[in-house]
Amino acid sequence: MLSVWVGAQTSQGIANAMSSLLKITDLHVSVADTPILKGVNMEIRQGEIHALMGPNGSGKSTLAYALAGHPNYAITAGSIEIDGVNITERAANERARLGMFLAFQYPVVIPGVKVADFIRHAVSNVRNPDRKEGEGLIGMREFRKEIKARMEELGMDVEFARRYLNDGFSGGEKKRMEILQMAMLQPKFAILDETDSGLDSDAVRVVSEGLAKLSGPEMGVLIITHHERLLEFNPPQYTHVMLGGRIVETGDAALAHDLHANGYATVRERHPEAAADNAKAEETAAV
Ligand SMILES: Nc1ncnc2c1ncn2[C@@H]1O[C@H](COP(=O)(O)OP(=O)(O)OP(=O)(O)O)[C@@H](O)[C@H]1O
Ligand SMILES: [Mg+2]
């Protein structure tokens, strides 16, 4: 019987039934009318870890923002889908409710908004999507217990929950705060934009172990990084290389290792057109 049933399905169909899929198709993104992404394709399933590498200015953060729904990043062509639902036009908060999470490369400071209040609202919005403002917040006692446990796991002083979001936080503290948010929101798809940059080696270990503990069959992860440490703890099944606004190569963990060891010179040689576009972006950024 089983073989008959399997025979009637494609292997893709079976996988789809089991886990969520984030599908990025021919994505073109402009910032302030300048085209940055020029046709990005990628498929991330729940449970998979993908690494995204590429030189400065290649468009990695642009992809992250476009996926999260940042209003300044205009999608001019292509689509983003979660389980076949087209979210290309959806606002950032709706995407978050559907399970998308972005840990920022440069976390924003919000003076006046306490960490605990911010996370309690975000968690309530995601877990209880139909709630109206002022209603349906998750219970204080339950929330406190949960955030305290997650903070302890991440080696964070619980006092941070009382401070204003990222206000006066060190670079490393901001990055841990991003991981704390991820731990509390438990997204289906997490994009980590250089979460390991600016961390001392102890903090990189804490964050890497934290991510390894949090990710699992329920989470698809896209790790944007220039370093190897996060990937050592969280080995990617796929490594994508971005250059000049497109994914020019995809491989496995060995590709990430090779790029760390040898840089992007050979990638640029293999993809001269994308390399020329990247060089233009770097020049513009340098002005
Ligand atoms: N808000 C913006 N305004 C103007 N240009 C932008 C903006 N955001 C991105 N760009 C441009 O888009 C290009 C890609 O930038 P992006 O930040 O995506 O690169 P990246 O791959 O994340 O680089 P890095 O490794 O340095 O973080 C760059 O040329 C950059 O200057
Ligand atoms: Mg970036």
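In helix α12, the buried residues are A274, A275, D277, N278 and A281. Why do they end up on the same side of α12? Because around the helix axis they cover an arc of only 160°. Turn to the other side of α12 and you find P272, E273, A276, K280, E283 and A286, which are exposed. The cover over the buried residues of α12 includes β11 (238-243), β12 (246-251) and α11 (265-270). Keep in mind that this is a predicted model.

**Two helices, end to end**

The helix α12 can be set beside α8 for length.

| Helix | Residues | C-alpha distance, end to end | Expected span |
|---|---|---|---|
| α12 | 15 residues | 21 Å | 21 Å |
| α8 | 14 residues | 20 Å | 20 Å |

For α8 (residues 201-214), the distance between the end C-alpha atoms agrees with what 1.5 Å a residue should give. For α12, the reach from first to last C-alpha is close to the expected value.

And which residues of α8 are buried? They are V204, V206, V207, S208, G210, L211 and L214. Here the covering elements include α6 (140-153), α7 (171-185) and α9 (229-233).

**Around ligand 1**

Back to α12, since this helix also turns up at the ligand. Both α3 (60-68) and α12 (272-286) supply at least two residues each to the shell around ligand 1. How many residues surround ligand 1, and which come nearest? There are 16, and the nearest are N56, K60, S61, T62 and A281. A281 is also on the list of buried residues in α12. By type, the shell has 10 polar residues, five nonpolar and one charged.

**The open sheet**

Next, the strands. Four of them make an open sheet in the order β2-β1-β4-β5, paired antiparallel. The edge places go to β2 and β5 (85-86); each has a single partner strand, so one side of each has no neighbour in the sheet. As a reminder of what holds such things together, strands of a sheet pair through backbone hydrogen bonds, either parallel or antiparallel.

Going through the pairings, β1 and β2 are joined by nine antiparallel bridges. One bridge there has V29 partnered with L37 in β2. On the β4 side, β1 (residues 21-31) and β4 (residues 73-82) are antiparallel too, with eight bridges. S30 faces A74 in β4, and I24 has I80 as its bridge partner in β4.

V40 is a good spot to look at in β2 (residues 34-45). Is V40 buried or exposed? With 24 other C-beta atoms within 10 Å, V40 is buried; the cut-off for that is 20 or more. Leaving out residues up to four places away in sequence, V40 touches I24, L27, L63, R246 and I247. As for V29, 11 residues separate it from V40 in sequence, and the C-alpha to C-alpha distance is 9.3 Å.

**A parallel pair**

Elsewhere, β6 (residues 100-103) and β9 (residues 189-193) run parallel, joined by four bridges. A103 has L192 in β9 as its bridge partner. In a regular strand the side chains alternate between the two faces of the sheet. In β6, M100 and L102 point one way while F101 and A103 point the other, and all are buried.

**Two positive phi values**

Most residues other than glycine have a negative phi. Two residues here go against that.

A32 has a positive phi of about 45° without being a glycine. Where does A32 lie? In the loop between β1 and β2. These two strands form a hairpin with two residues between them, and A32 is in the turn. A32 counts as exposed, because its C-beta neighbours inside 10 Å number 8, and the limit for exposed is 12 or fewer.

E194 is the other one: its phi is near 50°, again positive in a residue other than glycine. E194 sits in the loop between β9 and α8. Unlike A32, which counts as exposed, E194 counts as buried, because it has 21 C-beta neighbours inside 10 Å.

Definitions and conventions:
Residues are numbered from 1 along each chain as its sequence is written. Chains are lettered from A and ligands numbered from 1 in the order in which they are written. This is a predicted model: local features need pLDDT of at least 70, side-chain atom pairs count only at pLDDT 80 or more; totals for chains, interfaces and linings use all residues. A residue is near a molecule or strand if its C-beta atom, placed from the backbone, lies within 6 Å of it. Ala, Val, Leu, Ile, Met, Phe, Trp, Tyr, Cys and Pro count as nonpolar, Asp, Glu, Lys and Arg as charged, and the others, Gly among them, as polar. The expected span of a helix is 1.5 Å times one less than its number of residues. The arc is that of the directions from the helix axis to the C-beta atoms. Two residues are in contact if their C-beta atoms, placed from the backbone, lie within 7 Å. Two strands pair if DSSP finds at least two bridges between them.
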